[in-house]
Amino acid sequence: MNQNTKVKLCCCQKMPIIALGVWQSGKDTKQAVLDALKAGYRHIDTAACYGNEEAVGEAVKESGIPREDIFITTKLWNDDIRAGNTRKALLTSLQKLQMDYVDLYLIHWPVEGYVEAYLEMEKLKEEGLVKSIGVSNFRKSHLQNLLSQVHKIPAVNQIEINPQMQDEETIQFCQDNKIVLEAWSPLGSGACLHIPGIQMIADKYHKSTAQIILRWLLQRHIVVLPKSVHKERIEENIDLFDFELTKEEMEIMNALNQNKRTGPDPDHFDF
């Protein structure tokens, strides 16, 4: 991907707008990352709680691609947030990844202690151990609370967004405050792949419904994190730049919202 397929973060760093997500990739993680890097991906999204940071690090090393050319995101897990272990947790992640820094470090969920964790992440950024900092699964209320107590605005908020789950209040707040949005579960864990309206658009462009959904998100200026361990799907999910949805088609997609989550609700979770 070239510069046109990157977004500028508030800290001036540039981030590729398509990432390989590796949640639940298990033993296939390393090969999936290698396949993704070969296909042109330059952004890998992992997390401490995924249990596969080692595999990501091994794949990056084996790829032969310079570290500075690959954007790596990992996340601070809830137990470490609650325990005040932000620095220790990052150092553990860096050791597993075999890296001196990560490009983006996110608070994984808005659990008790997230403000203190974020303030510590600001220090880690100043030290160069992370290039950018942000949050994940924060709704508007969480962001408002955070912004009232910290010094640096989050570069990114990674939340569940797909045709059936569009938290417009949070999306609008982020875009108004120049917080880049990333969509996890962009395909609704597969639930959105068989919606008739999307299939009609896919038929027009000779694309898959997954490609239509990912293109819709990109045109909304939302970074996408499709997860797959299948080489052909990994390649398909980055093949999004030879067509463009019309205004009418975008409106059709926007109208599919049901506020239907496939993952936990950030306002009500117990882990």
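**Pockets, sheet and buried residues of a predicted model**

Good morning. Helix α9 makes the greatest contribution to the lining of the second largest pocket, supplying 3 residues. Please bear in mind throughout that this is a predicted model.

Let me stay with that pocket for a moment. The second largest pocket holds about 180 Å³ of space. Its lining consists of 12 residues, and those nearest the centre are I17, L218, Q219, H221 and I222. Two elements, α9 (209-219) and β10 (222-224), each provide at least two lining residues. By class, the lining of the second largest pocket comprises 7 nonpolar, 4 polar and 1 charged residue.

I turn now to the largest pocket, whose volume is about 800 Å³. It is lined by 35 residues, and W23, W184, S185, S189 and K227 are the closest to its centre. Its lining divides into 15 nonpolar, 15 polar and 5 charged residues.

Strand β10, which I mentioned for the second largest pocket, also has a place in the sheet. How many strands does the open sheet contain, and in what order? There are 8, arranged as β3-β4-β5-β6-β7-β8-β9-β10, with parallel pairing. The edge positions belong to β3 (20-21) and β10; each has a single partner strand, so one side of each is left without a neighbour in the sheet.

Within that sheet, I would draw attention to β8 and β9. Strand β9 covers residues 180-184 and runs parallel to β8, the two being joined by 5 bridges. V156 is placed opposite V180 of β9.

Strand β8 spans residues 156-160 and includes N157. Is N157 buried or exposed? The residue is buried, as its relative accessible area is 0%. Where does its side chain reach? It comes to the backbone oxygen of F138, at 2.8 Å. Leaving aside residues up to four places away in sequence, N157 touches V135, S136, N137, F138, L143, T170, C174, I179, V180, L181 and E182.

Several of these names return in the next feature. The structure has 1 cavity of 30 Å³ or more. The volume of the largest cavity is about 50 Å³. Its lining is formed by N137, F138, R139, I159, E160, D167, T170, R261 and P266. Among these lining residues are N137, F138 and T170, which are also listed as touching N157. In terms of class, the cavity lining has 3 nonpolar, 2 polar and 4 charged residues.

A second buried position lies in strand β5, where we find T73. The relative accessible area of T73 is 0%, and the residue is therefore buried. Which side chain does the side chain of T73 contact? The partner is H43, in a polar contact of 3.2 Å. Again leaving aside residues up to four places away in sequence, T73 touches H43, I44, D45, T46, L104 and L106.

Finally, I come to helix α2, which comprises residues 53-63. Its buried residues are E53, A55, V56, G57, A59 and V60. The elements that cover them include α1 (29-39), β4 (43-45), β5 (71-76) and α4 (86-97). Strand β5, the place of T73, is thus among the elements covering α2. Just after this helix, G64 adopts a positive phi of about 80°.

Thank you for your attention.

Methods: Residues are numbered from 1 along each chain as its sequence is written. This is a predicted model: local features need pLDDT of at least 70, side-chain atom pairs count only at pLDDT 80 or more; totals for chains, interfaces and linings use all residues. Side-chain values use heavy atoms; hydrogens and water are left out. Buried means under 20% relative accessible area, exposed over 50%, partly exposed in between (1.4 Å probe, protein chains only). Helices (H or I, at least four residues) and strands (E, at least two) are DSSP runs, numbered from the N terminus. Contact means heavy atoms within 4.5 Å. A polar contact is a pair of N or O atoms within 3.5 Å; within protein, one must be able to donate a hydrogen and the other to accept it, and residues adjacent in sequence count only if both atoms are side-chain atoms. On a 1 Å grid over the protein atoms alone, a cavity is a set of points where a 1.4 Å probe fits but cannot get out, and a pocket is an open set with protein on both sides within 12 Å along at least five of seven lines; lining residues have an atom within 4 Å of a point. Grid points are joined across faces, edges and corners, and a volume is the space filled by probe spheres set on the points. Ala, Val, Leu, Ile, Met, Phe, Trp, Tyr, Cys and Pro count as nonpolar, Asp, Glu, Lys and Arg as charged, and the others, Gly among them, as polar. Two strands pair if DSSP finds at least two bridges between them.
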